[in-house]
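Subject: Structure handover

Hello,

Here is the structure you will be taking over. Please open it first, then read the notes below.

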Amino acid sequence: CISRVGANVNAYLLLKTNDQILLHLRKNTGYCDGMWSLVAGHVESDESATEGMTREAYEEIGIRLVQIQVVHIMHRKTNRLNVDVFFDCQSWTGKIQNCEPEKCEKLEFFSLSSLPPNIIDYHRIALKHILEGRFYSELGWKE
């Protein structure tokens, strides 16, 4: 008998202006503090990935997502199973602001060709796959 294990669903936002992407510098979260990451969050049990991404964008950077689409799925194994859904945002309303200064040191746009060295590793990998046009990837599994 094979046991089935639930996975955590996480949503990530690719918010771009020109050829730059928005990242935030994490602090006081207990996870990858001092590293740059995409705006992201856990999808809650009563919401879809799209709803979770929309909620997180408003909570973290104060914008309302108008048009988003999935551009990459990563099935990632760490000490738990993760299904990471990466959304590209074509349009939004509101002004980008740091709504969680206790968790985010600062927000900054970076060129996709010149990401900071201290970006979370699997974010860098996902962004590379997205630039290459790969819709699906796996990370952390034994080969």
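Leaving aside its neighbours within four places in sequence, which residues is Leu 14 in contact with? The list includes Ile 21, Leu 38 and Val 71. Phe 86, Phe 87, Asp 88 and Cys 89 are on it too. Leu 127 and Ile 130 are also among these contacts. Bear in mind that this is a predicted model.

**The cores**

Leu 14 belongs to the largest nonpolar core, which has 19 residues. Leu 14 is one of those with the most contacts inside that core. The others named in that group are Leu 23, Leu 38, Phe 86 and Leu 115. Four elements give two or more residues each to this core: β1 (8-17), β2 (20-26), β5 (64-77) and α2 (121-132). The largest share comes from α2, with four residues.

There is also a second, separate core. It has 15 residues. Ala 11, Val 39, Met 53 and Ile 73 are among them.

**The surface**

Two places are worth a look here. Start with Gly 30. It sits in the loop between β2 and β3 (36-37). Gly 30 counts as exposed, because its relative accessibility is 74% and the cut-off for exposed is over 50%. Now find Lys 103. Gly 30 and Lys 103 are 73 residues apart in sequence. In space, their C-alpha atoms are 9.6 Å apart.

The second place is a nonpolar surface patch of about 270 Å². Val 70, Phe 135 and Tyr 136 make it. Phe 135 lies in the loop between α2 and β8 (136-139). At 47% relative accessibility, Phe 135 counts as partly exposed. Exposed would need over 50%.

**The cysteines**

How many disulfides does the structure hold? Zero. The distances for two cysteines show why.

- Cys 89: the closest cysteine sulfur is in Cys 99, 15 Å away, so it is too far for a bond.
- Cys 99: the closest cysteine sulfur is in Cys 104, 9.6 Å away, so this is also too far for a bond.

A disulfide needs the two sulfur atoms within 2.5 Å. As for accessibility, Cys 89 counts as buried, at 5%. Cys 99 counts as partly exposed, at 32%.

That is the handover. Please reply with any questions.

Best wishes

Methods. Residues numbered from 1 in each chain as written. Predicted model: local features only at pLDDT ≥ 70, side-chain atom pairs only at ≥ 80, totals over all residues. Heavy atoms only, no water. Core = buried A, V, L, I, M, F, W, Y, C linked by side-chain atoms within 4.5 Å. Buried < 20%, exposed > 50% of the residue type's maximum accessible area, 1.4 Å probe, protein only. Contact = heavy atoms within 4.5 Å. Patch = residues over 30% accessible without salt bridge, like charges linked within 9 Å, V, L, I, M, F, W, Y side chains within 5 Å. Areas by Shrake-Rupley, 256 points an atom, 1.4 Å probe, with all protein chains shown as cover. Salt bridge = Lys/Arg side-chain N within 4 Å of Asp/Glu carboxyl O.
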